[in-house]
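This report describes how selected helices and strands are arranged in a predicted model. The sequence and structure come before the description.

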Amino acid sequence: MRGINLQFRNQNEYYETLGYLAAPRRIVSIDAEIPSHMVGEFRSRFGNNYFEIVDTCLSPSGLPSKLGKQYRINLANINNIVPALTQHLGRGSRSCVKRINRSNFVEQIILNNGFRFGKFQNLESIKTTIPQQYLADFMRGLNR
């Protein structure tokens, strides 16, 4: 399965990855950095969820410092990580060990799979989006 900024060999691997991310205490937060000129568009798509407005002061090139949106998943731990995520891990920060900086993937799981911006994920809400034929894959990821 191609697209969404990450490579998955098939749907089974995709849903196993979602299970892995949905595990309690796996995600510190899902963040959105939004340039001030894109806040209205963000709110119309996602509501008033957690996000940070980034100052669009001019950089040395004369362009705003942040031209587009950036979504990321901050991970609390990467124990037993699913192989599909290993090459997509970015450097962590004070509050997270690693992070995934793949805006299209983050947007996909927010819009289609019950994940949400902010610090708290609702496992039951996420689980309701998993097709029955992939539930075993999701549970395998959840229990890694």
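## Helix H4 and its surroundings

Just after helix H4, glycine 114 adopts a positive phi of about 80°. Within H4 itself, which covers residues 103-112, the buried residues are Ser103, Phe105, Val106, Glu107, Ile109 and Ile110. These buried residues of H4 pack against two helices, H1 and H2 (39-46), and against two strands, E1 (27-35) and E3 (70-75).

An α-helix has 3.6 residues a turn, so residues three or four places apart point the same way.

## Strand E3 and its partners

Strand E3, one of the elements that the buried residues of H4 pack against, is mostly covered, with five of its six residues buried. E3 runs antiparallel to E1, to which six bridges join it, and in this pairing tyrosine 71 of E3 is the bridge partner of alanine 32.

E3 is also joined to strand E5 (residues 96-100), again in an antiparallel manner, through three bridges; here leucine 75 stands opposite lysine 98 in E5.

## The packing of H1 and H6

Helix H1 (residues 11-22) packs with helix H6 (residues 135-142) at an angle of about 40°, and their axes lie 6 Å apart. Because of that angle, H1 counts as oblique to H6, and the crossing of the two helices is right-handed.

On the H1 side, Asn12, Tyr15, Glu16, Leu18, Gly19, Tyr20 and Ala22 take part in the contact, meeting Asp137, Phe138, Arg140, Gly141 and Leu142 of H6. By class, the residues of this contact comprise six nonpolar, three polar and three charged.

Key: Residues are numbered from 1 along each chain as its sequence is written. This is a predicted model: local features need pLDDT of at least 70, side-chain atom pairs count only at pLDDT 80 or more; totals for chains, interfaces and linings use all residues. Side-chain values use heavy atoms; hydrogens and water are left out. Axes are lines fitted to C-alpha atoms, for helices over the stretch in contact, and angles run from 0 to 180 degrees between N-to-C directions. Helices (H or I, at least four residues) and strands (E, at least two) are DSSP runs, numbered from the N terminus. Angles under 35 degrees count as roughly parallel, over 145 as roughly antiparallel, 65 to 115 as roughly perpendicular and the rest as oblique. A crossing is left-handed if the near helix is turned anticlockwise from the far one by less than a right angle, and right-handed if clockwise. Contact means heavy atoms within 4.5 Å. Ala, Val, Leu, Ile, Met, Phe, Trp, Tyr, Cys and Pro count as nonpolar, Asp, Glu, Lys and Arg as charged, and the others, Gly among them, as polar. Buried means under 20% relative accessible area, exposed over 50%, partly exposed in between (1.4 Å probe, protein chains only). Two strands pair if DSSP finds at least two bridges between them.
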